[in-house]
Each structure stands twice: as structure tokens, then as C-alpha cells.
Amino acid sequence: MTVLVTGGAGYIGGHMALALLDAGEEVVVLDNLSTGFRWAVPPEAKLVVGDFGDAALVDQIIAGHKIDAIAHFAAKIVVPESVADPLSYYLNNTAKARNLLECAVRNEVRHFIFSSTAAVYGEPSVNPVFETVPLAPINPYGRSKLMVEWMLQDVAAAHGLRFAALRYFNVAGADPQGRLGQSSPVATHLIKVAVQAALGHRAGLDVFGTDYPTKDGSCVRDYIQVTDLVDAHLLALRHLRAGGESLTCNCGYGRGLSVLEVVDVVKKVSGVDFEVRRKGRRAGDPASLVAGAERIRTELGWSPKHDDLNEIVRQALDWERRLHNRKA
């Protein structure tokens with residue numbers, strides 16, 4: 001059988017495609033290449049250029065490739081953009097996901113892995129944040145993702161589909177073998193932007209908000225290395241195929257680091273003291289989000305291998321150099 005990876009030409013979806021192939025799976029990538037890259041899709045995978053909301057195309061792919069599982073990564077992910085243009089987020093992240101789920105049901109695809117987000121928690125009153133806390137997203141991005149989680153629950157109850165909704169905290173780093181990394185020229189991920197500043201590919205770095213109620217005034221986040229993250233997806237797929245029940249899990253290390261702490265590590269690892277500009281807060285940013293990550297360890301047996309910020313930054317630096325040389 002074959003796994004359909006939507007958004008598989010992007011950052012996390014691309015790493016998922018690599019991991020599936022490494023595990024001996026057959027892979028079809030569906031991506032419209034609006035933010036992904038054709039070259040990021042491994043040659044062993046089948047690439048279909050198109051929209052995951054195109055029901056006729058998805059039906060054709062499922063039937064033609066005997067798809068038994070869908071790993072859904074295709075989404076808009078920029079919080080400030082979602083605040084400024086909410087309807088585009090509800091169209092892409094929610095309405096099109098509804099079409100994808102309908103295709104799964106119609107074609108009897110039983111296993112669905114969903115790329116969700118810690119943004120569904122909003123500004124929780126406790127940290128670390130466990131899966132049982134009330135869900136109260138504070139921006140359209142988080143709401144658009146939570147709506148898909150609700151749809152998954154309802155579809156599972158009505159049609160027998162089983163799913164894993166994995167709520168990411170902050171994803172960083174690159175494939176340790178150097179095959180792939182964060183490649184978007186307009187990325188907003190902190191470590192990606194800081195690494196670009198360290199290598200002189202951008203003029204310094206802006207820190208948005210230094211007056212939060214945190215240890216140094218900057219936002220606190222839980223950073224998870226990208227191959228550790230996709231390992232959780234493989235375990236979730238194995239769990240579902242073995243007859244396991246649907247589940248929702250946080251994906252993080254359970255350790256919070258502030259923006260300014262991360263910047264200091266990038267400066268130390270790179271050896272470059274780049275400019276840091278302190279700006280006002282961005283709309284939709286919670287002060288602190290740290291994963292309560294016990295469920296993923298106990299339910300799926302997940303054990304991270306790259307839980308070291310220095311290593312994550314070195315991977316990001318190495319990938320950024322490769323990417324720069326590729327463009328040159």
C-alpha cells in the first residue's frame with residue numbers, strides 16, 4: 001500500500017516523504033508548489049502537482065495508487081497573515097481539508113495523520129500545556145486547524161476512519177544527512193531567520209515583543225527537531241495500522257526557550273554577532289507555549305534523538321549554506 005503526503009514538497013511534509021521512503025513505504029506527494037519545491041521531493045516518490053482540495057484529483061490518486069493512509073501537511077501557517085487575511089486560511093486549511101476528508105471516506109482510506117498545531121491552545125493559563133487543557137485559539141490560523149480536528153473526530157465517529165492529530169510546537173533543524181531543510185525564502189521560523197542573519201543572508205533579526213511576562217520579556221516556545229517530529233508521524237501511522245484507536249498528541253520536548261535565548265545560541269554556534277532589533281508585539285502571538293509531551297511517549301513509544309538546541313542550530317546552519325550554494 002501507499003501513503004499520500006499532501007504538502008510533501010515543503011519543509012515538514014518533505015521530511016515525512018524521506019522518512020517514509022527510508023522505512024520502505026511507497027509515497028505519492030500531492031503539492032501545488034505554491035510554497036514547496038519540486039526538487040525537494042525525493043526521486044523515489046511520485047509527485048503530483050495539484051491542489052489537495054481538488055476532490056476529483058484526490059479520488060484519482062487514491063484509486064490509481066492504492067492509497068491506504070493520508071498524511072496531511074498542506075496548510076497556510078503564518079499567524080500574522082492569518083489575522084490580516086482570515087478567509088484565505090479558512091478556505092485553505094479548513095474547507096479544503098473537508099474535501100480531502102470526504103475523498104478519504106468515499107474511497108475507504110482508513111488512516112489519516114493530521115499536521116495540527118499548538119496554536120489550538122491559544123494563551124493557556126498553565127505551562128507545560130497538556131492535551132486535556134481547554135482549547136481556545138486566539139488567531140485564525142489556530143482556529144482553522146482546530147476546525148479540522150473537530151471534523152476528524154466527527155468523521156471518525158460516523159465512518160470508522162482512524163486518525164492521529166499531532167499538535168506541533170516549534171519545528172526547527174534539518175535532515176541530519178543534509179538531504180532537506182527549511183527552504184522557503186520568506187520563512188518566519190525563528191531559527192531559520194536567525195541563521196540567515198548569522199550567514200549574512202539578511203540584515204539582522206527582529207524580535208517581536210520584549211515585554212511579555214516571561215523570564216527575559218521575549219516569547220517562550222518549545223522547539224522540536226524536524227526528524228524527531230516525523231518519527232512521531234511514523235509511529236502514529238504504525239499505531240493506526242495495527243488497529244490502534246484515534247489519538248491526539250502534543251509534539252515537543254517539554255522544555256521552553258525564549259526567543260532571546262535561541263538568538264544567543266545561534267550567535268554562539270555560528271560565531272557571528274549579528275544585529276538584533278527589538279520590535280513591538282505581533283498580533284496573535286501568545287507569551288509562552290511549552291508542550292506537555294508525556295502522551296506521545298507513553299502512547300506511541302516516541303523517544304527523541306536530537307533534543308539539543310546546539311545540534312539543531314548546526315543542522316540549520318549547514319542546510320542554509322547548502323541552500324545558498326544551490327541558488328548560486
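**Exercise 1. In which sense do strand 1 and strand 2 pair, and over how many bridges?**

Conventions come before the solution. The model is predicted, so to speak of local features a pLDDT of at least 70 is needed, side-chain atom pairs count only at pLDDT 80 or more, and totals for chains, interfaces and linings use all residues. Residues are numbered from 1 along each chain as its sequence is written, and side-chain values use heavy atoms, with hydrogens and water left out.

Step 1. Locate the elements: strand 1 covers residues 2-6 and strand 2 covers residues 26-31. Helices (H or I, at least four residues) and strands (E, at least two) are DSSP runs, numbered from the N terminus.

Step 2. Apply the pairing rule: two strands pair if DSSP finds at least two bridges between them.

Step 3. Strands 1 and 2 are joined by five bridges in the parallel sense. Within strand 2, Glu26 is the bridge partner of Thr2.

**Exercise 2. Describe the seven-stranded sheet and the helices on it.**

Step 1. The sheet is open, with parallel pairing and the strand order 3-2-1-4-5-6-11.

Step 2. Its edges are strand 3 (46-49) and strand 11 (247-251); each has a single partner strand, so one side of each lacks a neighbour in the sheet.

Step 3. On average, neighbouring strands of this sheet are turned by 20° against each other, direction ignored. For angles, axes are lines fitted to C-alpha atoms, for helices over the stretch in contact, and values run from 0 to 180 degrees between N-to-C directions.

Step 4. Helix 2 (residues 55-65) packs on the sheet and touches strand 1, strand 2, strand 3 and strand 4 (67-72), its direction making about 170° with that of strand 2. Contact means heavy atoms within 4.5 Å.

Step 5. Helix 4 (residues 86-106) lies across strand 1, strand 4 and strand 5 (111-117), at about 165° to strand 4.

**Exercise 3. Locate the backbone features at Pro128 and Leu33.**

Step 1. Asn127 and Pro128 are joined by a cis peptide bond, with omega about 5°. Pro128 sits in the loop between strand 5 and helix 5 (140-159).

Step 2. Leu33, a residue other than glycine, has a positive phi near 60°. Its loop runs between strand 2 and strand 3.

**Exercise 4. What is the strand order of the three-stranded sheet?**

Step 1. The order is 12-9-14, in an open sheet with mixed pairing.

Step 2. Strand 12 (257-258) and strand 14 (288-289) are the edge strands, each pairing on one side only.

Step 3. Strand 9 (residues 220-221) runs antiparallel to strand 12, and two bridges join them. Arg221 stands opposite Leu257 of strand 12.

**Exercise 5. Place His239 in its surroundings.**

Step 1. His239 belongs to helix 7 (residues 226-241).

Step 2. Not counting residues up to four places away in sequence, His239 touches Gly244, Glu245, Leu247 and Leu300.

Step 3. His239 and His111 are 128 residues apart in sequence, and their C-alpha atoms are 9.9 Å apart in space.

**Exercise 6. Relate the annotated domain to the model.**

Step 1. An unreviewed UniProt entry carries the annotation "domain: NAD-dependent epimerase/dehydratase" for residues 3-252. UniProt positions are given in the numbering used here, feature names are shortened, and annotations may be inferred rather than shown by experiment.

Step 2. The span 3-252 is 38% helix and 20% strand, and its end C-alpha atoms lie 24 Å apart.
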